[in-house]
Amino acid sequence: MADIKSDPESVRLGHIYALLVEYYYRSGDKQQAFEEIQKMKSYPDIDVNYYLEYNMIKDIYATLGEAMDEDPNDANHGTSDPLYDPNAGFDYNDDNMDQSIEFEEEEVF
């Protein structure tokens, strides 16, 4: 079985919760979005700020009058996940780009 934690293509529990939070937030149900964030926080391995944008979390908390318990300077804030950041984990070194690619032609009937 593949190691899910090291596979950037895998869907993590944090992704599922993030989708739920974003769904409820965009639907206008900030109370339910807040409750999903609380569920996320119940898992010690899930960094909420890794999966959700800070401004969305801040808006949810502010709307409900809840105090935020996390320092925005200490987290990723939804920007470093390779599934969301198209440049994460890729080395764009042009030194290797001069290699040609050859294709075999096939007859089509």
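**Exercise 1. A patch on the surface**

Task: In this predicted model, find which residues form a nonpolar patch on the surface, and decide how exposed Ile16 is.

Solution:
- Step 1. Look for the nonpolar side chains that group together on the outside. The patch is formed by Val11, Leu13, Ile16, Leu19, Leu20 and Tyr43.
- Step 2. Take their accessible area together, which comes to about 520 Å².
- Step 3. Now pick out one member, Ile16, which sits in helix α1. Its relative accessible area is 40%. Exposed would need over 50% and buried under 20%, so Ile16 is partly exposed.

**Exercise 2. The overall plan**

Task: Work out how many helices and strands the chain has, and what share of its residues is buried.

Solution:
- Step 1. Go through the secondary structure: there are four helices and zero strands. Along the sequence, this reads α-α-α-α.
- Step 2. Turn to burial. Of the 109 residues in the chain, 24% are buried.
- Step 3. Look at the outside as well. The chain exposes about 8,500 Å², and carbon and sulfur atoms supply 49% of that area.
- Step 4. Ask how far apart in sequence the contacting residues are. Among contacts with a separation of 6 or more, 60% are between residues 24 or more positions apart.

**Exercise 3. The two sides of helix α4**

Task: Find the buried residues of helix α4 and explain where they lie around the axis.

Solution:
- Step 1. Helix α4 spans residues 54–64, and its buried residues are Met56, Ile57, Ile60 and Tyr61.
- Step 2. These four cover an arc of only 130 degrees around the axis, so they are on the same side of α4.
- Step 3. A general rule helps here: an α-helix has 3.6 residues a turn, so residues three or four places apart point the same way.
- Step 4. Check the other side of α4, where Asn55 and Ala62 are exposed.
- Step 5. Find the cover over the buried residues of α4: it includes α1, α2 and α3.
- Step 6. Go just past the end of α4, and you meet Gly65 with a positive phi of about 75 degrees.

**Exercise 4. Two salt bridges**

Task: Which side chains meet in salt bridges, and which parts of the chain do they join?

Solution:
- Step 1. Recall that side chains of opposite charge can pair when their charged atoms come close. Here the cut-off is 4 Å from nitrogen to oxygen, and the count is two salt bridges.
- Step 2. One of the pairs is Lys30 with Asp59, at 2.9 Å from N to O. Lys30 belongs to helix α2 and Asp59 to helix α4, so this pair ties together parts that are 29 residues apart in sequence.
- Step 3. Compare their accessibility with the cut-offs: Lys30, at 21%, is partly exposed, and Asp59, at 26%, is partly exposed too.
- Step 4. Another pair is Lys39 with Glu36, at 3.4 Å. They are three residues apart in helix α2, so about one helical turn separates them.
- Step 5. Lys39 is partly exposed at 40%, whereas Glu36 is buried at 5%.

**Exercise 5. How far to trust the model**

Task: Where is the confidence of the prediction highest among the helices, and where does pLDDT stay under 50?

Solution:
- Step 1. Start with the whole chain: the mean pLDDT is 74, and 54% of the residues reach 70 or more.
- Step 2. Compare the helices. Helix α2 (residues 30–41) has the highest mean, 96, and helix α3 (residues 48–51) the lowest, 91.
- Step 3. Then find the weak stretch: pLDDT stays under 50 over residues 75–94.

Conventions:
Residues are numbered from 1 along each chain as its sequence is written. This is a predicted model: local features need pLDDT of at least 70, side-chain atom pairs count only at pLDDT 80 or more; totals for chains, interfaces and linings use all residues. Side-chain values use heavy atoms; hydrogens and water are left out. pLDDT is the predictor's confidence in each residue, from 0 to 100. Buried means under 20% relative accessible area, exposed over 50%, partly exposed in between (1.4 Å probe, protein chains only). The arc is that of the directions from the helix axis to the C-beta atoms. Contact means heavy atoms within 4.5 Å. Patches are made of residues with over 30% relative accessible area and no salt bridge: like charges are joined within 9 Å, nonpolar side chains (Val, Leu, Ile, Met, Phe, Trp, Tyr) within 5 Å. Accessible areas come from the Shrake-Rupley method with a 1.4 Å probe; for residues, only the protein chains shown count as cover.
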